[in-house]
Each structure stands twice: as structure tokens, then as C-alpha cells.
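Trainee: Could you take me through one part of this model in detail? I'd like to start from its nonpolar interior and work outwards.

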Amino acid sequence: MNQGLTQWLMSEAPASRRQAVLGSVYRGLVAIISNPAALTGLVIIAVLILMAMFAPWLARGMSPIEQTLSSRLAPPSAEHWFGTDELGRDIYVRTLYGARVTLTIVLLVSVVVAPIGLAVGTLAGYLGGWVDAVLMRITDIFLAFPRLVLALAFAAALGPGIENAVIAISLTAWPPYARIARSETVTIAKSDFIAAVVMQGASTWRVLFKHIVPLCLSSVIVRLTLDMAGIILTAAGLGFLGLGAQPPTAEWGAMVSAGRDVILDQWWVATIPGIAIFIVSLGFNLLGDGLRDVFDPKAS
Amino acid sequence: MIRVENLNVTFHNSGRTMRAVRDVSFAVAAGETFGIVGESGSGKSTVLKAIAGLVKSSSTMLAVNGREAAERRSREERKLMQFVFQDPYASLHPRQTVDDILREPLIIHGSNNIDDRVVAAIANVGLSPLHRFRYPHQLSGGQRQRVAIARALILNPPILLLDEPTSALDVSVQAEILNLLSRLRQSYSLTSILVSHDLAVVAHLCNRIAIMQLGQLVEIVNAADLRTGRVQQDYTRQLISASRGFTRAQA
């Protein structure tokens with residue numbers, strides 16, 4: 001990178017607020033990149049995102065749902081890199097398109113789960129009293145539901161599909177976030193720097209969103225990236241049971257399920273999407289681990 | 001400026017009740033520096049927090065600037081008094097820069113020329129402009145306490161409440177902070193209440209001093225009387241002799 005720019009970003013005495021903010025963002029990026037685990041995770045997820053974005057180009061003109069019954073269950077070859085499934089569809093192309101489904105599920109679940117968990121947890125922890133009691137008992141009730149069983153019931157009631165899978169996973173995934181946010185908020189709320197902003201006349205909402213939530217955010221993000229693997233696996237599990245994405249949509253869990261019948265003779269049908277699930281879960285886990293190291297304020 | 005009559009603070013902790021402050025009454029005149037001393041657990045900090053509205057209290061009168069202070073303070077009432085905490089390592093938000101910390105009270109009260117006032121406040125407490133975009137963990141204890149003082153004074157409050165502002169700092173830094181407070185008190189003509197367990201600090205900075213023991217006010221003495229030992233109560237005498245510490249003659 002340009003020497004002058006690096007110096008400007010790493011300056012010990014930033015001249016403006018913008019320079020200070022950009023400088024700390026740059027330092028954070030350097031910290032993530034220089035952490036091997038985080039970097040590996042980041043690369044895997046970047047590749048996943050690129051795969052999903054450029055799936056039509058990477059697919060070399062093949063469609064993920066077009067059936068060619070004449071070449072069904074073909075082993076990996078130059079024409080079909082990862083072989084074909086029981087309906088003659090190219091597994092490489094279906095795996096590419098499956099990344100889209102996986103990313104959609106992961107994105108939707110995190111967009112739903114993190115704000116709900118943060119809001120419930122920080123409100124309960126900061127307001128205390130009956131608000132705390134009511135919100136945390138609701139959390140306990142949701143925590144007591146077995147995830148897959150609730151998801152099954154949900155999918156059965158609303159009908160199978162990606163949206164309902166996302167709702168079902170989100171419903172059972174938010175309580176741990178509320179618990180984390182609440183326990184952090186309880187300790188933060190007692191501290192002098194919160195008393196100081198209260199003394200300055202800050203409203204309850206301002207204290208919550210400007211002073212408490214930013215401190216809870218790092219542990220929630222770390223927990224979220226570590227949970228991603230679980231979310232992907234649950235989504236794949238629902239797909240495997242036929243309650244997630246519906247055929248002919250390419251979804252990794254459903255693809256593994258379809259390959260189950262022929263797993264001994266045509267191993268590639270179930271193995272390739274299985275490897276994809278494994279690598280992506282690993283990537284999110286590594287990123288989560290790395291982010292935990294980077295976010296730890298005691299380390300800096 | 002501040003009138004307190006029969007102030008009581010009771011803490012409830014898992015079924016046990018604990019009367020931390022019992023029937024404390026005093027008044028602080030405008031421009032005065034009032035000291036409160038006592039051993040640990042005597043309730044001196046709790047009195048200060050009750051005046052600040054940070055703990056629940058009951059009293060026949062708690063008036064600030066001639067007006068009864070409400071249970072829930074309005075934004076305007078908050079502007080009247082600010083607080084400097086004992087531990088500068090706990091009183092600054094760990095994820096905010098000095099700039100964020102100092103801007104916050106100005107934003108809350110909708111002030112204008114925020115940038116100029118932040119720069120002025122940093123200079124006013126003897127910090128360099130270099131410190132403006134630092135995080136608290138990049139500053140020393142004394143520098144942090146300066147930031148805390150700058151934050152307390154940035155709204156120009158007439159009243160400053162000081163809760164052992166130097167006890168977490170080492171001796172050389174204590175003197176710097178005390179001199180800074182002494183200078184600011186004059187230039188802002190502040191009314192202040194200083195809580196400390198250090199009689200020397202209190203005798204140096206305060207006009208009148210209240211001595212507290214087990215949640216009760218023992219007596220109120222002048223700084224001059226405290227220095228010469230002309231006091232009424234035995235407990236005050238004990239406290240004075242204890243603060244002189246170990247002498248070889250006694251041993």
C-alpha cells in the first residue's frame with residue numbers, strides 16, 4: 001500500500017475525527033488479516049460469496065435444474081467435474097447454486113436473530129425488575145424448545161420452504177443471544193461510565209443504544225459467527241428431511257439426502273455437498289474464533 | 001446552594017436492610033468547597049450519590065440551587081451538577097475515544113460549536129491535542145482522571161461532586177490533580193463537595209468539613225480547626241490521630 005496513506009492511517013495523533021475512525025477501522029482489518037485462523041475463515045467465506053454471486057458464469061452454461069436422464073449418476077469427469085445425480089443434473093453446478101441458498105439462510109437468520117437477542121437482553125439487563133423477569137422467562141421458554149423438533153412442527157404447519165425454515169431456525173436461535181447480552185448488560189449497567197452519562201442527562205434509550213449495545217455487540221458477533229455452522233447444519237438437516245428448500249431447488253442438505261440411496265455405488269452424489277457443508281461451517285467457525293481474538297479488548 | 005435535611009439511604013439486599021446514611025443534614029453555600037471525611041463504609045460516598053440522584057434516598061429536604069430536587073431528575077436539573085468518580089479506570093467508556101466521551105454531554109444538551117468546546121476542554125485540563133482521539137486504555141490513570149474532570153466541566157455546571165477523585169492515583173499524580181481541581185474551582189467559581197478519607201487533602205481544599213461515622217454525621221468543623229485539632233467529638237480526634245499515622249515516639 002501507499003506509504004503515505006499507511007502513515008496517515010496509523011497516525012498516533014489524528015488531525016480529524018474522520019482520520020481517527022478510518023485509522024481504527026484499518027487497525028481492525030490488519031488485526032483480522034494478521035490472525036491466521038480469521039484470515040482462513042475470511043477467505044473461505046469470501047470464496048463462498050463469490051461462488052454464489054457468479055454462479056451463472058462459473059456454471060459454464062449448465063442449469064442446476066435441467067435434467068439429462070441419459071447421463072444420470074455419471075462419475076466425475078471432464079464434462080461433469082463432480083459427476084451427476086440421479087436425475088442427470090451436474091453436481092458441480094448444483095453445489096454452486098446451493099451456496100446461494102445457504103448464504104440466504106445464514107444472512108436472514110443473522111439479521112433476525114442478532115437484533116432480537118440484543119434488544120431483549122439489553123432491555124432486560126438494564127431495566128431489571130419485572131421487565132427482566134418477564135423477558136427472561138420468555139427467553140427460557142424458547143430455550144426449552146428442541147430446535148429441530150420446533151422447526152419440524154413449524155415446517156409442518158406452514159408448509160416446507162426456505163422462508164419457513166428461516167423462521168423456525170430464528171425462533172429457536174435467539175435466546176442464547178438474549179442471555180449473553182443480558183449478562184453483559186447487568187455488569188455494564190452498574191459501572192461508573194454509565195452513571196456518568198446518566199448524570200449528563202442521557203435518556204434510557206440513548207444509554208442503551210449508544211453506550212451499552214456497542215459493548216455487547218462484539219460478543220454477539222463472535223457468537224453469531226460461531227453459530228453460523230450450527231445454522232447451516234440445521235438448514236441442511238431440514239433440507240435432508242425434506243422440510244427446507246423444495247425440489248428442484250439446489251440445496252446442500254437436500255442433495256445429501258438424495259444421494260443417500262446410492263451412497264455405496266455412487267459416492268459423489270452425497271459426498272460433494274457434504275464436503276461443501278463441512279468447509280463452509282469450518283470457515284465460519286475459524287472466522288468466529290479469530291474475531292474473538294481480535295475483539296478481545298484485553299488483548300489490545 | 002445545596003441543602004440537605006434528614007437524608008436517609010437504605011439498601012435492600014436479599015432480604016437484609018442496611019441503613020447506609022441516617023438523618024444527615026448540612027448546607028453548602030455558593031462557591032464553598034465542602035468536605036466529607038470518614039472511614040470506609042461510613043456512608044460518605046453514598047451521601048454524594050444521593051445528592052447526585054444516583055441512589056434512591058428519602059429526606060425532608062434535598063434542595064439544589066434553592067429548588068427541591070425531584071426523584072427523577074430532568075435534563076436541566078442534571079446540568080446543574082456533575083460528578084467525578086473515584087476510579088478513572090471504570091468511569092470512562094472503554095470503546096469511546098476522548099473525543100466521543102467529551103462530545104456526548106454536548107450532544108445530549110444540544111450545544112453548538114461542539115468541536116471548539118471539546119478542544120478547549122482538553123486544553124483546560126492540561127491534556128495535549130494528541131490525546132483527543134485516544135482510547136482510555138491508551139492513557140495513564142492521571143490522564144484519565146483529567147478526561148473525567150473535563151467531561152464533568154464541559155457543561156459548565158455550577159456544582160461539582162467529587163468522590164475521592166485522587167485515591168486511585170499515585171502520590172505525585174494526586175498532587176497534580178488536586179492542583180488542577182483547585183485552579184478550576186476558582187476559574188469556574190464552582191460549588192463543590194469533596195468526599196475523601198484523606199484528611200490532609202480535605203483540609204487543604206475545603207472550607208468546612210463534615211465527619212461521618214457509621215452513616216451518621218458526627219460533626220462539622222472548619223478547615224482551620226481541623227488542622228489545629230480544635231474539635232468537639234472524640235471520634236474526630238481519633239480520626240486525626242490515625243491520619244498522622246505511625247510515629248517513632250509511640251512505638
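Which residues have the most contacts inside the largest nonpolar core, and how many residues does that core have?

Mentor: Happy to! This is a predicted model, where local features need pLDDT of at least 70 and side-chain atom pairs count only at pLDDT 80 or more, while totals for chains, interfaces and linings use all residues. Residues are numbered from 1 along each chain as its sequence is written, with chains lettered from A and ligands numbered from 1 in the order in which they are written.

The largest nonpolar core has 139 residues, and Ala165(A) and Leu161(B) have the most contacts inside it. Such a core joins buried Ala, Val, Leu, Ile, Met, Phe, Trp, Tyr and Cys residues through C-beta atoms within 7 Å; buried means 20 or more other C-beta atoms within 10 Å, with C-beta atoms placed from the backbone.

Let's follow Ala165(A). Beyond its neighbours within four places in sequence, its contacts (C-beta atoms within 7 Å) are Ile105(A), Ala151(A), Ala155(A), Ala235(A), Leu238(A), Leu243(A) and Gly244(A). Ala165(A) is one of the buried residues of H8(A), along with Val166(A), Ala168(A), Ile169(A), Ser170(A), Thr172(A) and Ala173(A). Helices here are DSSP runs (H or I, at least four residues), as are strands (E, at least two), numbered from the N terminus. H8(A) covers residues 162-173, and its end C-alpha atoms are 16 Å apart, which agrees with the 16 Å that its 12 residues should span (1.5 Å times one less than the number of residues). Its buried residues pack against H5, H6 (129-144), H7 (147-158) and H11 of chain A.

H11 (204-240) also takes us to chain B: with H2 (17-33) and H10 (192-199), it is among the helices of chain A that each supply at least two residues to the side touching chain B. H10(A) gives the most, 6 residues. In total the contact takes 19 residues from chain A and 24 from chain B.

Across in chain B, H10 of chain A helps to cover the buried residues of H5(B), together with elements of chain B including H3 (98-108), H4 (114-124), H6 (171-187), S6 (81-84) and S7 (159-163). H5(B) is mostly covered, with 11 of its 13 residues buried. Among them are Arg144(B), Arg146(B) and Arg151(B), alongside Val147(B), Ala148(B), Ile149(B) and Leu153(B). H5(B) runs over residues 141-153, and the 18 Å between its end C-alpha atoms agrees with the expected 18 Å.

Note on methods. Contact = placed C-beta atoms within 7 Å. Buried ≥ 20, exposed ≤ 12 C-beta atoms within 10 Å, placed from the backbone.
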